[in-house]
Amino acid sequence: MNNESSIIVKIEKSGNRFNAWDVNGIKWTSHIGTGTRKRAYEQGMALERRVNKSGNYFWWKVPMENFGVSESPIPSVNEISNPESIIEIPSEHEEVLAFIHNSMSLKPRGLMMKELKWKYLVRSAVRGKNIMMTGAAGCGKTMAAKALVNSLNRPDFYFNLGATQDPRGSLIGNTHFEDGKGTYFSESLFVKAISTPNAVILLDELSRAHPDAWNILMTVLDYGQRYLRLDEKDGQNTIKVAEGVTFIATANIGNEYTSTRQLDKALMDRFTIVEMDLLTSEEENELLSYMFPNVDSQVINNVASIAGITRVESNSETARIPSGISTRTTVELCGLLYDGFSLIEAAEVCIYPQYDNTGGVDSERTFVKQIVQKFCDDGSSDDLFNEEEVTEASNAF
Ligand SMILES: Nc1ncnc2c1ncn2[C@@H]1O[C@H](COP(=O)(O)OP(=O)(O)OP(=O)(O)O)[C@@H](O)[C@H]1O
Ligand SMILES: [Mg+2]
């Protein structure tokens, strides 16, 4: 069956609005008439998208049990554009207050984040702060930053600074030479971004950026300066950051990645920090159950518990593993479960390679395996270690 024709949404009431969500947390509100949504909600029905004879879509009421019976492949919550939730940012204080405190309706269902943190994020954006999302790898920093950008009806620009090899070229521009034309300067997209009034500029993976990029950004981010120097030798040649521009950066701070450079203190000081928390087992369970309604709930519960245990362990003083299993990994893992892999198999390919295998039975990998094993004891599971490992480990003594 064509995936396109098998979208089923559930209606949820939010304030005076009836929002339509599919199982992947994608919002369909703007595609469905208000009356249709309201009626479906009142009758406790789900809506299925169908195609009529002329090839147009229409929405048909179906029993609520059909919701979650998705034909789609691995659910993805990466598409977090919420056309319906785009609204103007108010300027009066009372309106600003209402905007911030009603902003939970702007958060995509598929993004798990504490209400206070989300509101703080929205508030910081509305107040024009430079925001830095920090937190462990794969905990939703980029996702939250993108969701915020999508919620604000402002021109937005995305820069992945972790991938930039040439900070000057990406942030300022390049000088070119052409026969007949001579040398000329072409400005970067970043120059255009900061010159756009009210732009929201996402600086993803700032912590992985080249230190030259940080130096270039120093004056741009400083509330007292707010300009970009085009040429370091010539102090006059600068571009002003336009009115109302907001920066949202993401950074892996103090985590295990060596490619993450220690961010400069002066640069950090220019940001309001919004820390993404690691999800608790309950939150992880809620997220995964929501994303994968077709995967056995007990197995999902086990995945959430395994992740939770590794996170607690990695934070303890006597930690035997350097980091816990991330939400990125649990989502990938559940994708495998959805495709018919067992938990043992999924863990084998998704989790274990992330942990060091040296040291045999004392290795990080063995430790994590033992945790996973505890949750796979259904009689059908393999032995704790395969033969090769047992031999390897016994040879070590
Ligand atoms: N809090 C969360 N809520 C919902 N999904 C999450 C969350 N955290 C992680 N995920 C899942 O993990 C994936 C990776 O998340 P994301 O890219 O936002 O992580 P990140 O913190 O930016 O990671 P990195 O440090 O590697 O840049 C998401 O696409 C999503 O599927
Ligand atoms: Mg990221």
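In which sense, right-handed or left-handed, does α10 pass α11? In this predicted model, α10 passes α11 in a right-handed crossing, and the two helices are one of several packed pairs described below. The chain has 397 residues, of which 47% count as buried, and its secondary structure comes to 14 helices and 13 strands. Among contacts between residues at least 6 apart in sequence, 62% join residues at least 24 apart.

**Helices α9, α10 and α11**

- Helix α10, which covers residues 297–315, packs against helix α11, residues 327–338, at an angle of about 155 degrees, and their axes are 11 Å apart.
- Because angles over 145 degrees count as roughly antiparallel, α10 and α11 are described as roughly antiparallel to each other.
- On the α10 side the contact is made by V299, V303, A307 and R311, and on the α11 side by T327, T330, L333, C334 and L337.
- By character, the residues of this contact between α10 and α11 divide into six nonpolar, two polar and one charged.
- Helix α11 also meets α9: the axes of α9 and α11 come within 11 Å and cross at roughly 35 degrees, and this crossing, too, is right-handed.
- E284, L287, L288 and M291 of α9 make the contact with T327, T330, V331 and C334 of α11, and the residues involved divide into five nonpolar, two polar and one charged.

**E284, a buried residue of α9**

- E284 has its place in helix α9, which runs over residues 281–291.
- With a relative accessible area of 0%, E284 falls under the 20% limit and therefore counts as buried.
- When its neighbours within four places in sequence are left aside, E284 is in contact with L279, A304, R311, T327 and T330; of these, T327 and T330 also belong to the contact that α11 makes with α9, while R311 belongs to the contact that α10 makes with α11.

**Helices α2 and α3**

- Helix α2, residues 93–101, and helix α3, residues 115–126, pack at an angle of about 145 degrees with their axes 9 Å apart, and their crossing is right-handed.
- In this pair, V96, F99, I100 and H101 of α2 meet K119, V122, R123 and V126 of α3, a set of residues that divides into five nonpolar, one polar and two charged.
- The twelve residues of α3 should span 16 Å at 1.5 Å a residue, and since the C-alpha atoms at its ends are 16 Å apart, the expected and computed spans agree.
- The buried residues of α3 are K117, W118, K119, L121, V122, S124, A125 and V126; two lysines, K117 and K119, are thus included in that list.
- What covers these buried residues includes helix α2, strand β5 (131–134), helix α4 (141–151), strand β12 (246–251) and strand β13 (272–275).
- After α3 comes G128, whose phi is positive, near 70 degrees.

**F159 in strand β6**

- F159 is found in strand β6, which covers residues 156–160, and because its relative accessibility is 10%, F159 counts as buried.
- Although F159 and D204 are 45 residues apart in sequence, they are 6.0 Å apart in space, from C-alpha to C-alpha.
- Apart from neighbours within four places in sequence, F159 is in contact with L189, F190, A193, I201, L202, L203 and D204; L189, F190 and A193 fall within the range of α6 (189–194), and I201, L202, L203 and D204 within that of β9 (200–204).

**Loop residues with positive phi**

- Most residues other than glycine have a negative phi, and against that background two loop residues may be noted.
- N198 lies in the loop between α6 and β9, and its phi is near 65 degrees, a positive value in a residue other than glycine.
- At 40% relative accessibility, N198 counts as partly exposed.
- R226 is found in the loop between α7 (211–221) and β10 (227–229), and its phi, near 50 degrees, is likewise positive in a residue other than glycine.
- R226, with a relative accessible area of 15%, is buried.

Methods: Residues are numbered from 1 along each chain as its sequence is written. Chains are lettered from A and ligands numbered from 1 in the order in which they are written. This is a predicted model: local features need pLDDT of at least 70, side-chain atom pairs count only at pLDDT 80 or more; totals for chains, interfaces and linings use all residues. Side-chain values use heavy atoms; hydrogens and water are left out. Axes are lines fitted to C-alpha atoms, for helices over the stretch in contact, and angles run from 0 to 180 degrees between N-to-C directions. Helices (H or I, at least four residues) and strands (E, at least two) are DSSP runs, numbered from the N terminus. Angles under 35 degrees count as roughly parallel, over 145 as roughly antiparallel, 65 to 115 as roughly perpendicular and the rest as oblique. A crossing is left-handed if the near helix is turned anticlockwise from the far one by less than a right angle, and right-handed if clockwise. Contact means heavy atoms within 4.5 Å. Ala, Val, Leu, Ile, Met, Phe, Trp, Tyr, Cys and Pro count as nonpolar, Asp, Glu, Lys and Arg as charged, and the others, Gly among them, as polar. The expected span of a helix is 1.5 Å times one less than its number of residues. Buried means under 20% relative accessible area, exposed over 50%, partly exposed in between (1.4 Å probe, protein chains only).
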